[in-house]
Amino acid sequence: MSTTHTSSPPPRDPVGRVPSAAAPSAAGPSAAEPSGAPVAADTAPRPAAAPGSASAPRSGLDPERPFGAHLRLAWWKPLLIVPGLLVAMVALQTVLTLIVVLVEVAAFGRDPMDASISPLMMAVMNLSLAAMGPLALLVTALVARVPWRSLIASPRRESLRRGLVYAGAFSALVGAALALTALIDPSAAGIGQFAITSTTIGLVLVALLTTPLQAAGEELLFRGAMMPLLASWVRAVRPALVLGMIASSIVFGLVHMSVDPWLLSYYAVFGLCMAAIAVISRGLEAPIAFHVMNNLIMMVVGALFAGGGGIVIDRSVGMGGPVMLVFIVVDLVAVGLVWLYERSQRP
């Protein structure tokens, strides 16, 4: 991340990875339950403690409000937490990326002007972003005095099964979009020369091991913490949701540091669709699943078709284009799929 930061922009650029200032910029829906079936455990709301009882938490959690607008905080707290998290994100990735650049220049003779992402650099960028998710949850939970689980799902409980169902559906959706883009504009899909070298193998392994963590960290930060923090400024539910969803999506788009209007628009729309998915599903399993599958598929394809070298990510003017509409449509389709699936699961 560059201001930095790096849940398919130009397809070769996984959503959520922000170029560092010091770095080269480089489950399908299941059938509805039969009538009269018991409510699944993951959809059952947590029992509320009686007011004033010893077990009642002194929290800023409002279970009567929808996920994404369910926090109660003093107006000044988001003003401290949101910028603080962004600064921490930028600082962490910038420092770690600088270290990697210095190590690779000194130990491997890397050209300082090389704008590609090596396996080591990808690992550092991904893990630095992955660390921001738990940090954002911890800080928000402590300051807002809420259980950290409520920032993942509310009022229902979090569900691994739900995430796996969505991951299966979204992998097919993203794969189809990438295939269509490759037919329309191979360069926009990150399709260059196919080659397998030690660098390629390293990139694929690092992507498989760390990209899911990176994408999950992004969702925990922007949709789990930042969206409800910003929404807490407004008490009316609908305006609060609109504020939280739009404001967090704009920040998400801006931290990618792209000046290309197509790419900037895509990042903002991606963030807005992930926010909508989180609100509709009352949790982060669906947006995490989409972000993970999107970034993972793009990174693996980018590594395999990078000519045997590192992956190059370019967000300069002219790198986007009308082909980005394919991915915007995919994001909107994902919102529709989540709405249909969640509707089928309601008793």
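**Entry 1: α3 against α8**

I started with the residues that join α3 to α8 in this predicted model. On the α3 side I listed Arg 161, Arg 162, Val 165, Tyr 166, Phe 170, Leu 173, Ala 177, Leu 178, Leu 180, Thr 181 and Ile 184. Their partners in α8 are Val 326, Phe 327, Val 330, Val 333, Ala 334, Leu 337, Val 338, Tyr 341 and Glu 342. Sorted by class, this contact comes out at 16 nonpolar, 1 polar and 3 charged residues.

Next I looked up the geometry. Helix α3 covers residues 160–184 and helix α8 covers residues 324–345. Their axes are 10 Å apart, and the packing angle is about 155°. Angles over 145 degrees count as roughly antiparallel, so α3 and α8 are roughly antiparallel to each other. I also noted that the crossing of α3 and α8 is right-handed.

**Entry 2: α8 again, this time with α6**

Which way does α6 run relative to α8, parallel or antiparallel? The axes of α6 and α8 cross at roughly 5° and come within 9 Å. That angle is why I wrote down α6 and α8 as roughly parallel to each other.

From α6 the contact takes Trp 262, Leu 263, Tyr 266, Val 269, Phe 270, Cys 273, Ala 276, Ile 277, Ile 280 and Ser 281. From α8 I found Met 324, Leu 325, Phe 327, Ile 328, Asp 331, Leu 332, Ala 334, Val 335, Val 338, Trp 339 and Glu 342. The class split for α6 with α8 is 18 nonpolar, 1 polar and 2 charged.

Phe 327, Ala 334, Val 338 and Glu 342 of α8 turn up in my α3 list and again in my α6 list.

**Entry 3: α6 with α7**

Helix α7 spans residues 285–304, and α6 packs on α7 at an angle of about 145° with the axes 8 Å apart. Here α6 offers Tyr 266, Phe 270, Met 274, Ile 277, Ala 278 and Ser 281. The α7 residues are Ala 286, Pro 287, Phe 290, His 291 and Asn 294. I get 8 nonpolar and 3 polar residues for the contact of α6 with α7, and no charged ones.

**Entry 4: α1 and what follows**

How far does helix α1 reach from its first C-alpha to its last? The answer is 48 Å for 33 residues (76–108), close to the 48 Å expected. Just past α1 sits Gly 109, with a positive phi of about 70°.

**Entry 5: loops**

I went through the loop between α2 (119–144) and α3, where Pro 155 lies. A cis peptide bond links Ser 154 to Pro 155, with omega about 5°. Arg 145 belongs to the loop between α2 and α3 as well. Arg 145 is not a glycine, yet its phi is positive, at about 60°.

Further on, Met 257 is in the loop between α5 (237–254) and α6 (261–281). Met 257 also has a positive phi, near 55°, in a residue other than glycine.

**Entry 6: how far to trust it**

For the protein chain I noted an average pLDDT of 85, with 82% of the residues scoring at least 70. Residues 1–12 have a pLDDT below 50, and this stretch makes 94 contacts in the model beyond near neighbours in sequence. Residues 18–58 also fall below 50, with 102 such contacts. My reminder to myself: where pLDDT is low, the predicted coordinates should not be read in detail.

Among the elements, the highest mean pLDDT is 97, for helix α4 (residues 198–231). The lowest is 88, for strand β2 (residues 311–312).

Key: Residues numbered from 1 in each chain as written. Predicted model: local features only at pLDDT ≥ 70, side-chain atom pairs only at ≥ 80, totals over all residues. Heavy atoms only, no water. pLDDT = per-residue confidence, 0-100. Helix = DSSP H or I, 4+ residues; strand = E, 2+ residues; numbered from the N terminus. Contact = heavy atoms within 4.5 Å. Axes fitted to C-alpha atoms, helices over the stretch in contact; angles between N-to-C directions. Parallel < 35°, antiparallel > 145°, perpendicular 65-115°, else oblique. Left-handed = near helix turned anticlockwise from the far one by under 90°. Nonpolar A, V, L, I, M, F, W, Y, C, P; charged D, E, K, R; others polar. Expected span 1.5 Å × (residues − 1).
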